Amino acid sequence: MDSLLNNLDSIGIKYGTDKSSKGHNYLSTYEYFLNSYRNKRAVLMEIGGGVGASIKMWEEYFPKSKIICVDINPDVKKYESDRISVEIGDISSKEVIKRLQAKYPKVDILIDDGSHRWDHQRIAFENLFKIVSPGGYYIVEDLHSSYEPNFSGLDSLPFIEYLKNRIDFHNLRGENGSNYIKKMNPGIVGLEKQIHFLSFTSRACIIKKRI
């Protein structure tokens, strides 16, 4: 059991990330799911680097892991080190998506803390959930943006409603399940079949991939 001075939230507070209990309060929930990776040689990718607070937090909490940050701001490159890589680009770009898929085909933990736009969250999930390792986690943060139309981007469906539709797939059965599959895009159904579970916490969703 990690001491209170060494748990994920205390490390997040140390570096000033808004993910900590001083802000959005994600980290105690994340630790429940991610602690098993702590001393493994895992690969973590985060969309959105900001001022580097979460990069430093992940680097300390996962001392053996590879940390990848994707950001549109070239200044984030200054946080690169032997274990930290920074990829510059817009996650809504097909070219950037293809580059990430080719360069990092296996990611154990992927966190979307990017623009919070509905369309960007959907594009990232539909393209990058594929590179999450079996048994790994895909986390989408800042779902409060789904209730704020100025974050809609090019989508009319709030991303939290998109996630709720994925719950339908895992609960409908019989004729209802068959009818759902018939009306859905086969690519989306393929993604849904890879989901083990979706767990919602305040303003975030943790999605576990099937083994």
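What follows is a chat between a visitor and a guide about the predicted model shown above.

Visitor: How many helices and strands does the protein have?
Guide: In this predicted model, the secondary structure of the protein comes to 8 helices and 7 strands. Following on from that, the radius of gyration is 17 Å, close to the 17 Å that the globule rule gives for 211 residues, so the protein is as compact as a globular protein of that length.

Visitor: And what box do the C-alpha atoms fill?
Guide: Taken along the principal axes, the box that the C-alpha atoms fill is roughly 50 × 40 × 35 Å. Within the protein, 52% of the 211 residues count as buried, and among contacts between residues at least 6 apart in sequence, 62% join residues at least 24 apart.

Visitor: Let's pick a strand, then. Is E4 buried or exposed?
Guide: Strand E4, which covers residues 107-112, has 6 of its 6 residues buried, so it is largely enclosed by the rest of the structure.

Visitor: Which strands pair with E4?
Guide: Strand E1 (residues 43-47) pairs with E4 in the parallel sense over 4 bridges, and one place to look is Leu 44, whose bridge partner in E4 is Ile 109. E4 is also joined to strand E5 (residues 132-141) by 5 bridges, and these two strands run parallel as well; here Val 107 has Val 132 in E5 as its bridge partner.

Visitor: What do E4, H5 and E5 make together?
Guide: Together E4, H5 and E5 make a right-handed β-α-β unit. In the loop between E4 and H5 you can find His 116, whose phi is near 75°, a positive value in a residue other than glycine.

Visitor: Why should I notice the sign of phi there?
Guide: Most residues other than glycine have a negative phi. His 116 has a positive one, and at 18% relative accessibility His 116 counts as buried, because the cut-off for buried is under 20%.

Visitor: Where else is there a positive phi in a residue other than glycine?
Guide: Asn 25 is one of them, with phi near 65°, and Asn 25 is found in the loop between H1 and H2. At 38% relative accessibility, Asn 25 counts as partly exposed. A glycine can be added to the picture too, since just after H1, Gly 16 takes a positive phi of about 80°.

Visitor: While we're at H1, which of its residues are buried?
Guide: In helix H1, which spans residues 8-15, the buried residues are Leu 8, Asp 9, Ser 10, Ile 11 and Gly 12. What covers them includes helix H2 (27-34) and helix H3 (53-61).

Visitor: Back to H5 for a second. What does Gln 121 touch?
Guide: Gln 121 is found in helix H5, residues 118-128, and at 1% relative accessibility Gln 121 counts as buried. Leaving aside neighbours within four places in sequence, the residues in contact with Gln 121 include Asp 112, His 116, Tyr 138, Val 140 and Phe 159.

Visitor: How many residues are in the largest nonpolar core?
Guide: The largest nonpolar core has 31 residues, and those with the most contacts inside it are Met 45, Leu 110, Phe 125, Leu 128, Tyr 138 and Ile 207. Helix H6 (residues 159-171) gives the most to this core, with 4 residues. Apart from this core lies another one, of 27 residues, among them Ile 11, Trp 58, Cys 69 and Val 76.

Visitor: What is Ile 207 in contact with?
Guide: Not counting neighbours within four places in sequence, Ile 207 is in contact with residues including Phe 125, Phe 129, Tyr 138, Leu 163, Ile 195 and Phe 197.

Visitor: You mentioned Cys 69, so how many disulfides are there?
Guide: The count comes to 0 disulfides. A disulfide is a covalent bond between the sulfur atoms of two cysteines. As for individual cysteines, Cys 69 is buried, with a relative accessible area of 1%, and Cys 205 counts as buried at 0% relative accessibility.

Visitor: Last one: where is Pro 63?
Guide: Pro 63 is found in the loop between H3 and strand E2 (66-71), and with a relative accessible area of 39% Pro 63 is partly exposed. Not counting residues up to four places away in sequence, Pro 63 touches Arg 38, Asn 39 and Arg 83. From Pro 63 to Gly 153 there are 90 residues in sequence and 37 Å in space, C-alpha to C-alpha.

Notes
Residues are numbered from 1 along each chain as its sequence is written. This is a predicted model: local features need pLDDT of at least 70, side-chain atom pairs count only at pLDDT 80 or more; totals for chains, interfaces and linings use all residues. Side-chain values use heavy atoms; hydrogens and water are left out. Buried means under 20% relative accessible area, exposed over 50%, partly exposed in between (1.4 Å probe, protein chains only). Contact means heavy atoms within 4.5 Å. A disulfide is a pair of cysteine sulfur atoms within 2.5 Å. Two strands pair if DSSP finds at least two bridges between them. A crossover is right-handed if, with the strands pointing away from the viewer, the path from the first strand over the helix to the second runs clockwise. A nonpolar core is a set of buried Ala, Val, Leu, Ile, Met, Phe, Trp, Tyr and Cys residues joined through side-chain atoms within 4.5 Å. The radius of gyration is taken over C-alpha atoms; the globule rule is 2.2 Å times the number of residues to the power 0.38.
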